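Work through the exercises below with the sequence and the model open. Each task is followed by a solution in steps.

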Amino acid sequence: MGKALDLFEKEEFYKCLQCAICTGSCPVARVVEGFNPREIILRYILYGEEDEVLGMKEIWNCATCHACQERCPHNITISGLLTHIQNLAAKKGNLPDTMKAAMTLMAETGWSIQATPRSDRVRTELGLAPLKRPDTAEIRKIFKEAGLDEILDLK
Ligand code: SF4
Ligand code: SF4
């Protein structure tokens, strides 16, 4: 059985009724064709299609809003499992370029979205202090501990 399940009570997922309330509650599934949390659980856990699921680009559509988990009649940790699946997928090289770019920027600047001169101008106009540059050494340390330095090929 999957490595992801080591973090959870394995029996928890066997309680899944395949009722699809999770998918029906998911705001992303409503707008992104092909994203179906119930199907991911079914394939990853019940069918044992771990490698296939870890290679799916759809797993990155999860916004970690927890709506599925909140409404599951068996309180199954669906969004927790999806996050862990994303972590395993990233280690296998399945990480979207947009996410890679945001994390690289975070390692280099401390921000996931670049602050611009306009941001500083607007802050001044609003009487706010200039943005402080975060400590990137600390961020890089966390990235290294998480194995992200290899995935991102940081300088
Ligand atoms: S809502 Fe819960 S029980 Fe129903 S399909 Fe989703 S995970 Fe399974
Ligand atoms: S946590 Fe992910 S799968 Fe669950 S409802 Fe939110 S977006 Fe959908």
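## Exercise 1: Cover of helix 9

Helix 9, residues 117–125, is hardly covered, with zero buried residues among its nine. The model is a predicted one.

Task: state what follows helix 9 and give the sign of its phi.

Solution. Step 1: the residue that follows helix 9 is G127. Step 2: the phi of G127 is positive, near 75°.

## Exercise 2: S112

Task: locate S112 and decide whether S112 is buried or exposed.

Solution. Step 1: S112 sits in the loop between helix 8 and helix 9. Step 2: count the C-beta neighbours inside 10 Å, which gives 12 for S112. Step 3: a residue counts as exposed at 12 or fewer. S112 has 12 such neighbours and therefore counts as exposed.

Step 4: leaving out residues up to four places away in sequence, S112 touches A102, L105 and M106. Step 5: for a distance across the chain, take M56, which is 56 residues from S112 in sequence; their C-alpha atoms are separated by 24 Å.

## Exercise 3: Helix 8 against helix 10

Task: describe how helix 8 and helix 10 pack, and name the residues that meet.

Solution. Step 1: the two elements are helix 8 (residues 97–109) and helix 10 (residues 136–145). Their axes are 7 Å apart and form an angle of about 135°. Step 2: that angle makes helix 8 oblique to helix 10.

Step 3: from helix 8 the contact takes M106, A107, E108 and T109. From helix 10 the contact takes T136, I139, R140 and F143. Step 4: sorted by class, the residues of this contact are four nonpolar, two polar and two charged.

## Exercise 4: Two positive phi values

Task: for T64 and N75, give phi, the place in the chain and the exposure.

Solution. Step 1: T64 is not a glycine, yet its phi is positive, about 55°. Step 2: T64 belongs to the loop between helix 5 (50–54) and helix 6. Step 3: T64 has 11 other C-beta atoms within 10 Å and so is exposed.

Step 4: N75 is not a glycine either, and its phi is positive at about 50°. Step 5: N75 lies in the loop between helix 6 and helix 7. Step 6: N75 counts as exposed because it has 11 C-beta neighbours inside 10 Å.

## Exercise 5: The shells around the ligands

Task: for ligand 1 and ligand 2, list the closest residues, the contributing helices and the residue classes.

Solution. Step 1: ligand 1 is surrounded by 14 residues, of which C16, C19, I21, C22 and C72 are the closest. Step 2: helix 2 (21–25) and helix 4 (37–46) are the elements that give two or more residues to this shell. Step 3: the shell around ligand 1 holds eleven nonpolar residues, two polar and one charged.

Step 4: ligand 2 is also surrounded by 14 residues, and the closest are C26, C62, C65, C68 and S79. Step 5: at least two residues of this shell come from each of helix 6 (67–71) and helix 7 (78–91). Helix 7 gives the most, three residues. Step 6: the shell around ligand 2 has ten nonpolar and four polar residues, and no charged ones.

## Exercise 6: I45 and L152

Task: compare the places of I45 and L152 and assign the exposure of each.

Solution. Step 1: I45 is in helix 4. Step 2: I45 has 23 C-beta neighbours inside 10 Å and therefore counts as buried. Step 3: I45 and C26 are 19 residues apart in sequence, with 19 Å from C-alpha to C-alpha.

Step 4: L152 is in helix 11 (residues 148–152). Step 5: L152 has 19 C-beta neighbours inside 10 Å, so it counts as partly exposed. Step 6: beyond residues up to four places away in sequence, L152 touches K100, M103, T104 and A107. Step 7: L152 and R118 are 34 residues apart in sequence and 29 Å apart, C-alpha to C-alpha.

## Exercise 7: Domains

Task: give the domain bounds and the separation of the domain centres.

Solution. Step 1: the chain is divided into domain 1 (9–91) and domain 2 (97–152). Step 2: taken over C-alpha atoms, the centres of domain 1 and domain 2 are separated by 29 Å.

Notes:
Residues are numbered from 1 along each chain as its sequence is written. Chains are lettered from A and ligands numbered from 1 in the order in which they are written. This is a predicted model: local features need pLDDT of at least 70, side-chain atom pairs count only at pLDDT 80 or more; totals for chains, interfaces and linings use all residues. A residue is near a molecule or strand if its C-beta atom, placed from the backbone, lies within 6 Å of it. Helices (H or I, at least four residues) and strands (E, at least two) are DSSP runs, numbered from the N terminus. Ala, Val, Leu, Ile, Met, Phe, Trp, Tyr, Cys and Pro count as nonpolar, Asp, Glu, Lys and Arg as charged, and the others, Gly among them, as polar. Domain bounds come from an automatic or database domain assignment. Axes are lines fitted to C-alpha atoms, for helices over the stretch in contact, and angles run from 0 to 180 degrees between N-to-C directions. Angles under 35 degrees count as roughly parallel, over 145 as roughly antiparallel, 65 to 115 as roughly perpendicular and the rest as oblique. Two residues are in contact if their C-beta atoms, placed from the backbone, lie within 7 Å. A residue is buried if 20 or more other C-beta atoms lie within 10 Å of its own, exposed if 12 or fewer, and partly exposed in between; C-beta atoms are placed from the backbone.
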